[in-house]
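This briefing goes through one protein model and the ligand it holds. Lead sentences come first, and bullet points grouped by topic follow.

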Amino acid sequence: MKNFDQPHDMREWSRLQSASHFSIGFVPTMGALHDGHKRLIEVAQQDCDRVIVSIFVNALQFNNSQDYEKYPRLIDADIQICKEIGVDALYTPSHATVYPPGFETHITPGATAAPMEGVFREGHFGGVATVVNKLLNATLPDRAYFGTKDFQQLAVIKRMVIDFDLNVAVVPVATVRQPDGLALSSRNTRLTAQQRDVACVIYRGLEAARTAYLQGEQSSAELMSITKDIYGSCPEARVEYVEIFDSTTLCTLQNISKRNAVMAVAVWFGDIRLIDNIEFTA
Ligand code: AMP
């Protein structure tokens, strides 16, 4: 496995692969790799001749400095995992490489970034869009893989790719979950045993809303209150938002009779914030 930490070295390797007519898949991550990341890599390997994984904990997208400092960093284990599963190239730039002194140019996403995460994590998607743009520029992939667990992030990236005429296909990959329904997340490692036990309530709340929808309930207010009641019954859980919105425009929906809708939630357990979502297909 190749390992690059400078954009021009990474780019040179990618150009050579493309010149040899190998297609390139790219999986951007912040490390602490788990089976969710591995699934993205596996899908990329099925689609593409070469797969690049990046590991970069992007300070620019953290609105909370404690969350940034406490974010799990397991680079040696991550390198081992990437080698074992046959990643072709790892891109691990330092903070100073991505944001050298004098760095001042930022991408500002629009309406897609405004609700939900945009309300509670100010500046988050600007940081995400800026770094993903830089990572795409360094890796020059044909396809880039993103998890639907971060549904709004995926929407912001898709929009940026259209708006900036970026030459990459954005490929969504379904959320990988623990057997009890908890979505895999690097932040799960910071949950106490007690919090981990009850954190499956997040998915239980989402599933209950989907079940009610499948049984005929179409009012967003009703569906959201079903989910909130379930979260209310878990003393460890503190709900930040529960929203139902159109899966393409991300506009909130009062009623989900005719459109593809998603319910997304953010829930705190102590000082750990977890997000998840579920799709209701019309
Ligand atoms: P992160 O390292 O958390 O920034 O995530 C890197 C990529 O992995 C993003 O595209 C995430 O959406 C995706 N991802 C994170 N958790 C999961 C999961 N449980 N299942 C599938 N993809 C995931």
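By class, eight nonpolar, seven polar and two charged residues make up the shell around the ligand. The model is a predicted one. Beyond the ligand site, the points below cover two nonpolar cores, two buried polar residues, two residues with positive phi and one arginine in a helix.

**Ligand site**

- The residues around the ligand number 17, and those that come nearest are His37, Gly147, Asp150, Val176 and Leu184.
- Helix H2 (35-47) gives two or more residues to this shell, as do S2 and S5.
- The largest share of the shell, three residues, is that of H2.
- Asp150 has a side-chain N or O atom 2.6 Å from an oxygen atom of the ligand.
- At Gly147 the backbone is involved: one of its polar backbone atoms is 2.9 Å from a ligand oxygen atom.
- Met30 likewise has a backbone N or O atom 2.9 Å from an oxygen atom of the ligand.
- On its own the ligand has 490 Å² of accessible area, and the protein covers 93% of that area.

**Nonpolar cores**

- The largest nonpolar core consists of 30 residues. Met10, Ile52, Tyr91, Val131, Val132, Phe146 and Ile157 have the most contacts inside it.
- Two or more residues of this core come from each of helix H1 (7-19), strand S2 (24-29), strand S4 (89-91), helix H7 (124-139), strand S5 (143-147) and helix H8 (151-163).
- H7 supplies eight residues, which is the largest share of this core.
- Another core, of 29 residues, lies apart from it. Ala199, Leu206, Val242 and Phe269 are among its members.
- S2 and S5 serve twice: they give residues to the largest nonpolar core, and they also give residues to the ligand shell.
- Which residues does Tyr91 touch, not counting residues up to four places away in sequence? They are Phe4, Asp5, Gln6, Pro7, Met10, Ile52, Val53, Ser54, Ile55, Leu135, Ala138 and Thr139. Two of these, Met10 and Ile52, are also listed with Tyr91 among the core residues with the most contacts.

**Buried polar residues**

- Gln152 is part of helix H8. Its relative accessibility is 5%, and buried means under 20%, so Gln152 counts as buried.
- A polar atom of the Gln152 side chain is 2.9 Å from the backbone oxygen of Thr112.
- The Gln152 side chain also reaches the backbone oxygen of Pro115, again at 2.9 Å.
- With neighbours within four places in sequence left aside, the contacts of Gln152 are Thr112, Ala113, Ala114, Pro115, Met116, Glu117, Gly118, Phe125 and Leu250.
- Ser185 sits in the loop between strand S6 (169-173) and helix H9 (193-198). Is this residue, Ser185, buried or exposed? Its relative accessible area is 14%, which falls under the 20% limit, so Ser185 is buried.
- A polar atom of the Ser185 side chain lies 3.1 Å from the backbone nitrogen of Arg187.
- Ser185 also touches His34, Lys149 and Leu274, with residues up to four places away in sequence not counted.

**Positive phi angles**

- Most residues other than glycine have a negative phi.
- Asp165 is not a glycine, yet it has a positive phi of about 50 degrees. It is placed in the loop between H8 and S6.
- Asp165 has a relative accessibility of 67%, and exposed means over 50%, so this residue counts as exposed.
- Leu250, also not a glycine, has a positive phi of about 65 degrees. The loop that holds Leu250 runs between strand S7 (237-246) and strand S8 (261-269).
- Leu250 has a relative accessible area of 4% and is buried. Gln152 is in contact with Leu250.

**Arg210**

- Arg210 is located in helix H10, residues 201-214.
- The relative accessible area of Arg210 is 29%; this is between the 20% and 50% limits, so the residue is partly exposed.
- Tyr203, Ile278, Glu279 and Phe280 are in contact with Arg210, leaving aside neighbours within four places in sequence.
- Between Arg210 and Thr227, the C-alpha to C-alpha distance is 9.6 Å, with the two residues 17 apart in sequence.

Conventions. Residues are numbered from 1 along each chain as its sequence is written. This is a predicted model: local features need pLDDT of at least 70, side-chain atom pairs count only at pLDDT 80 or more; totals for chains, interfaces and linings use all residues. Side-chain values use heavy atoms; hydrogens and water are left out. A nonpolar core is a set of buried Ala, Val, Leu, Ile, Met, Phe, Trp, Tyr and Cys residues joined through side-chain atoms within 4.5 Å. Buried means under 20% relative accessible area, exposed over 50%, partly exposed in between (1.4 Å probe, protein chains only). Helices (H or I, at least four residues) and strands (E, at least two) are DSSP runs, numbered from the N terminus. Contact means heavy atoms within 4.5 Å. A residue is near a molecule or strand if one of its heavy atoms lies within 4 Å of it. A polar contact is a pair of N or O atoms within 3.5 Å; within protein, one must be able to donate a hydrogen and the other to accept it, and residues adjacent in sequence count only if both atoms are side-chain atoms. Accessible areas come from the Shrake-Rupley method with a 1.4 Å probe; for residues, only the protein chains shown count as cover. Ala, Val, Leu, Ile, Met, Phe, Trp, Tyr, Cys and Pro count as nonpolar, Asp, Glu, Lys and Arg as charged, and the others, Gly among them, as polar.
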